[in-house]
Amino acid sequence: RALVGPVHDHVMETYRASLDCFSSLPLTEQPEHMGQAGLDCMRTLLPYLCAHRDEARLLLGCAEGTRYAHFVDELVAWEVEATHRYYDVLAQLGRPVPPIDPRLEHILATGMFDAYFELILHDVPDPEAYLEELNAFYTAGWQRIMGQ
């Protein structure tokens, strides 16, 4: 806890605040901010994780057997839950989403977090240089399978 607890807590609090901020937007504004909200969050989190790279690497790669072992799974669960709320928003706006297999949702959300965290695990010198492209990739993919 002493080593990774503060990093874990900061990431969780920052990500939760980002989800809450997006959800608090007026329904009509959410579609235009969908990709931007995630990008803004990662622009905050990546520099923090870089500044705490040793602790982040322990949290991401060495937490098995601790209470932090399911760190990414917790983020994924929140992301999937937020995605379902967003489906509801789109339906209210008359833009319903076709059925998406829950396993695929989980796989895609996990892949997104893994992609961002790979930047830390592999000591990418300037991880922020990849943010725009990763965000564009995942935003476009989600919009495509959501029929948007």
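Trainee: How many salt bridges does this structure hold?

Mentor: The structure holds 7 salt bridges. Keep in mind that this is a predicted model.

Trainee: What's the general idea behind a salt bridge?

Mentor: Side chains of opposite charge can pair when their charged atoms come close. Take E132 and R43: their side chains meet in a salt bridge, 2.2 Å from N to O. That pair links distant parts of the chain, with E132 in helix α6 and R43 in helix α2, 89 residues apart.

Trainee: Are E132 and R43 buried or exposed, and how do I read that?

Mentor: Look at the relative accessible area: under 20% is buried, over 50% is exposed, and anything in between is partly exposed. E132 has 45%, so we call E132 partly exposed. R43 has 37%, so R43 is partly exposed too.

Trainee: Which parts of the chain does the pair R53 and D123 tie together?

Mentor: First, the contact itself: the side chains of R53 and D123 meet in a salt bridge at 3.4 Å, N to O. R53 lies in helix α3 and D123 in the loop between α5 and α6, so the pair ties together parts that are 70 residues apart in sequence. Now try the cut-offs again. R53 has a relative accessible area of 17%, so R53 is buried, while D123, at 38%, counts as partly exposed.

Trainee: And what separates R85 and E81?

Mentor: About one helical turn, because R85 and E81 are 4 residues apart in helix α4. Their side chains meet in a salt bridge too, at 3.0 Å from N to O. R85 is partly exposed at 30%, and E81 is partly exposed at 41%.

Trainee: Which residues do salt bridges with shared partners join into one network?

Mentor: D40, R43 and E132. You've already met R43 and E132 as a pair.

Trainee: Let's stay with α4. How do I check the span of a helix?

Mentor: Count 1.5 Å a residue, using one less than the number of residues. Helix α4 covers residues 71-92, which makes 22 residues, so it should span 32 Å; its end C-alpha atoms are 32 Å apart, which agrees. Right after α4 you'll find G94, whose phi is positive, near 80°.

Trainee: What covers the buried residues of α4?

Mentor: The cover includes α1 (5-23), α2 (30-51), α3 (53-61), α5 (102-121) and α6 (131-145). Among the buried residues of α4 are F71, L75, E79, Y86 and V89.

Trainee: Can we zoom in on a single residue?

Mentor: Sure, try Q30, which is found in helix α2. At 3% relative accessibility, Q30 counts as buried. The side chain of Q30 reaches the backbone oxygen of S23 at 3.3 Å. Leaving aside neighbours within four places in sequence, Q30 is in contact with F22, S23, L25, Y86 and V89.

Trainee: Zooming out, how many helices and strands does the chain have?

Mentor: There are 6 helices and 0 strands. The radius of gyration of the chain is 16 Å, close to the 15 Å that the globule rule gives for 148 residues, so the chain is as compact as a globular protein of that length. Along its principal axes, the C-alpha trace spans about 50 × 30 × 25 Å.

Trainee: What about burial and contacts for the whole chain?

Mentor: Of the 148 residues, 41% count as buried. Look at contacts with a separation of 6 or more: residues 24 or more positions apart account for 81% of them. The accessible surface comes to about 8,100 Å², and 57% of that belongs to carbon and sulfur atoms.

Terms used: Residues numbered from 1 in each chain as written. Heavy atoms only, no water. Helix = DSSP H or I, 4+ residues; strand = E, 2+ residues; numbered from the N terminus. Buried < 20%, exposed > 50% of the residue type's maximum accessible area, 1.4 Å probe, protein only. Contact = heavy atoms within 4.5 Å. Salt bridge = Lys/Arg side-chain N within 4 Å of Asp/Glu carboxyl O. Polar contact = N/O pair within 3.5 Å; in protein donor to acceptor, adjacent residues only side chain to side chain. Rg over C-alpha atoms; globule rule 2.2 N^0.38 Å. Areas by Shrake-Rupley, 256 points an atom, 1.4 Å probe, with all protein chains shown as cover.
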